[in-house]
Amino acid sequence: EMDMWAGLASDVALTIVPFTAGYFLALWLVAPIASALGVRHVIARAVLATGIAATTVFLVRAIVGIVQSVTVDRPIFSNSFPAVGFVTSIPAQLLSALQGSLFLFFALLPLGILAAVFLWLWRDRHPAEFEVAGLIDV
């Protein structure tokens, strides 16, 4: 039972939080949704935000994987005489991070588009009191 909670905490820390933070920050800073946009622009911005979120997950997983492969379960002289697993585990960790983030991108892309369309509809009913512009609007 303890392994289940550890796995859940790992999924939350390495997947859910980075993806959610990346999606939120992308829609806030990079490609915000304004009511004046057309539906094609909203979908394009949603795809961009989902890609930024998946990239955030890749970066977090890659950094954690590299740190794990270098520091965890290594003998005391592992930097002087690296084992075969030491050399091959870093590319394996990077490949695993890439595969996981690509899967996450395609799995959550419809949900990301749906969330952006709902935000667009909400913005249409509740107009902002300020100009909505992001980094791609400058």
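Helices, as the term is used here, are DSSP runs of H or I that span at least four residues and are numbered from the N terminus. In the predicted model, Thr50 is found in one such element, helix H2, and the description below proceeds from the overall fold to the core, to selected positions along the helices and finally to the largest pocket.

The protein chain contains three helices and zero strands, and when read along the sequence it follows the pattern α-α-α. The helices are H1, which covers residues 2-30, H2, which covers residues 39-71, and H3, which covers residues 84-125. Of the 138 residues of the protein chain, 28% count as buried. The accessible surface of the protein chain comes to about 9200 Å², and carbon and sulfur atoms account for 72% of this area. Among the contacts in the protein chain with a separation of 6 or more, 78% are made by residues that lie 24 or more positions apart.

The largest nonpolar core comprises 16 residues, and those with the most contacts inside it are Tyr23, Ile33, Val42 and Ala116. Each of H1, H2 and H3 supplies at least two residues of this core, with H2 giving the most, namely five residues. For Val42, one of the residues with the most contacts inside the core, the partners found once neighbours within four places in sequence are left aside are Ile33, Leu37, Ala116, Val117 and Trp120. Two of these names, Ile33 and Ala116, also appear among the residues with the most contacts inside the core.

Three further positions, each carrying a hydroxyl-bearing side chain in the sequence, were examined for their surroundings. Thr50, in helix H2, has a relative accessible area of 0% and is therefore buried, the limit for that class being under 20%. Leaving aside neighbours within four places in sequence, Thr50 is in contact with Phe19, Tyr23, Phe105, Leu108, Leu109 and Gly112. Of these partners, Phe19 and Tyr23 fall within the span 2-30 of H1, whereas Phe105, Leu108, Leu109 and Gly112 fall within the span 84-125 of H3. Thr56 also lies in helix H2, but with a relative accessible area of 25% this residue is partly exposed, because the value falls between the limits of 20% and 50%. The contacts of Thr56 beyond four places in sequence are with Pro18 and Gly22, and the C-alpha atom of Thr56 is separated by 9.1 Å from that of Thr15, a residue 41 positions away along the chain. Ser101 has its place in helix H3 and, at 5% relative accessibility, counts as buried. When residues up to four places away in sequence are not counted, Ser101 touches Ala54, Phe58 and Arg61, which are positions within the span 39-71 of H2.

The largest pocket holds about 190 Å³ of space. Its lining is formed by Phe24, Leu27, Trp28, Pro32, Ile33, Leu119, Arg123, Phe130, Val132 and Ala133, and by class these comprise nine nonpolar, no polar and one charged residues. H1 and H3 each supply at least two residues of the lining, and H1 gives the most, with three residues. Ile33 belongs to this lining and is also among the residues with the most contacts inside the largest nonpolar core. Ala133, another of the lining residues, has its place in the segment after H3 and is partly exposed, with a relative accessible area of 42%. Although Ala133 and Ile33 are 100 residues apart along the chain, their C-alpha atoms are separated by 8.3 Å, and both residues take part in the lining of the largest pocket.

Definitions and conventions:
Residues are numbered from 1 along each chain as its sequence is written. This is a predicted model: local features need pLDDT of at least 70, side-chain atom pairs count only at pLDDT 80 or more; totals for chains, interfaces and linings use all residues. Side-chain values use heavy atoms; hydrogens and water are left out. On a 1 Å grid over the protein atoms alone, a cavity is a set of points where a 1.4 Å probe fits but cannot get out, and a pocket is an open set with protein on both sides within 12 Å along at least five of seven lines; lining residues have an atom within 4 Å of a point. Grid points are joined across faces, edges and corners, and a volume is the space filled by probe spheres set on the points. Ala, Val, Leu, Ile, Met, Phe, Trp, Tyr, Cys and Pro count as nonpolar, Asp, Glu, Lys and Arg as charged, and the others, Gly among them, as polar. Buried means under 20% relative accessible area, exposed over 50%, partly exposed in between (1.4 Å probe, protein chains only). Contact means heavy atoms within 4.5 Å. Accessible areas come from the Shrake-Rupley method with a 1.4 Å probe; for residues, only the protein chains shown count as cover. A nonpolar core is a set of buried Ala, Val, Leu, Ile, Met, Phe, Trp, Tyr and Cys residues joined through side-chain atoms within 4.5 Å.
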